[in-house]
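Here is a quick tour of a protein model, written for someone who likes to have the structure open while reading. Take a look first, then follow along.

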Amino acid sequence: MNSQKKSKKHYMISSAVRELGESFRYENLVYWAKLKNIDEEDVKKELKELVKNKLLKVFFEIRCSECGAHLGDYENLDEIPGEATCLDCGRIWIKEEDLDKSLEIGFTVTEEGKKFFRPRFYTWCRIIFNRKRTVEKSLRTVFKRN
Ligand SMILES: [Zn+2]
């Protein structure tokens, strides 16, 4: 598989995943990118590649157009039912009318993606662990002295 080769490439979204968590909305990612002066086009390009390599999975979230309550997450648009009743306000959500204004796009890290995004996490653990060992060592020398 050529994903091995790809995994060496530095993805800016890796750091977004660390900050936003393993499941995030597109909107939040774009906001995050804006703060780092990253172009939305670059974000889109990278997302496309990560989805293609099955490291991220797209999901579609629908919300009540009246009160904003969460109505469901779906893996593709066809799965979204024609109608859904909001349990909070009782409004009936109609796909044909409400989809455009209430659809949110999100991404989840896949099992494969967790392995991919994890190396950095291990690097952090190693840094912290080594630091702890240094602290222990210096404590030991202090105690020996006493
Ligand atoms: Zn509602």
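## Layout of the chain

Reading from the N terminus, the protein chain goes α-α-β-α-α-β-β-β-β-α-β-α-α. That gives seven helices and six strands in the protein chain. Keep in mind that this is a predicted model, and that local features were taken up at pLDDT of at least 70.

How much of the chain is buried? Of the 146 residues in the protein chain, 12% count as buried. As for how the chain meets itself, take the contacts between residues at least 6 apart in sequence: 54% of these join residues at least 24 apart.

## The sheet

Now for the strands. Four of them make up an open sheet, running in the order 1-6-2-3, with antiparallel pairing. Which strands sit at the edges? Those are strand 1 (23-25) and strand 3 (70-74), each pairing on one side only. Going from one strand to the next, the twist averages 30 degrees.

## Strands 2 and 3 up close

Zooming in on one pair, strand 2 covers residues 56-63 and is joined to strand 3 by four bridges in the antiparallel sense. Two positions help to get the register straight: Glu61 has Asp73 of strand 3 as its bridge partner, while Ile62 stands opposite Gly72, also in strand 3. As a general point, side chains in a regular strand alternate between the two faces of the sheet.

The hairpin formed by strand 2 and strand 3 has six residues between the strands. If you are scanning the backbone there, stop at Gly68, which takes a positive phi near 85 degrees.

## Helix 2 against helix 3

Over to the helices. Helix 2 (residues 12-20) packs against helix 3 (residues 26-35) at an angle of about 115 degrees, and their axes are 11 Å apart. Helix 2 therefore counts as roughly perpendicular to helix 3, a class that takes in angles from 65 to 115 degrees. The crossing of helix 2 past helix 3 is right-handed.

Which residues make the contact? Helix 2 brings Ala16, Glu19 and Leu20, and helix 3 brings Asn28, Leu29 and Trp32. Sorted by type, the residues where helix 2 touches helix 3 come out as four nonpolar, one polar and one charged. The charged one is Glu19 and the polar one is Asn28.

Conventions:
Residues numbered from 1 in each chain as written. Predicted model: local features only at pLDDT ≥ 70, side-chain atom pairs only at ≥ 80, totals over all residues. Buried ≥ 20, exposed ≤ 12 C-beta atoms within 10 Å, placed from the backbone. Contact = placed C-beta atoms within 7 Å. Pairing = 2+ DSSP bridges. Axes fitted to C-alpha atoms, helices over the stretch in contact; angles between N-to-C directions. Parallel < 35°, antiparallel > 145°, perpendicular 65-115°, else oblique. Left-handed = near helix turned anticlockwise from the far one by under 90°.
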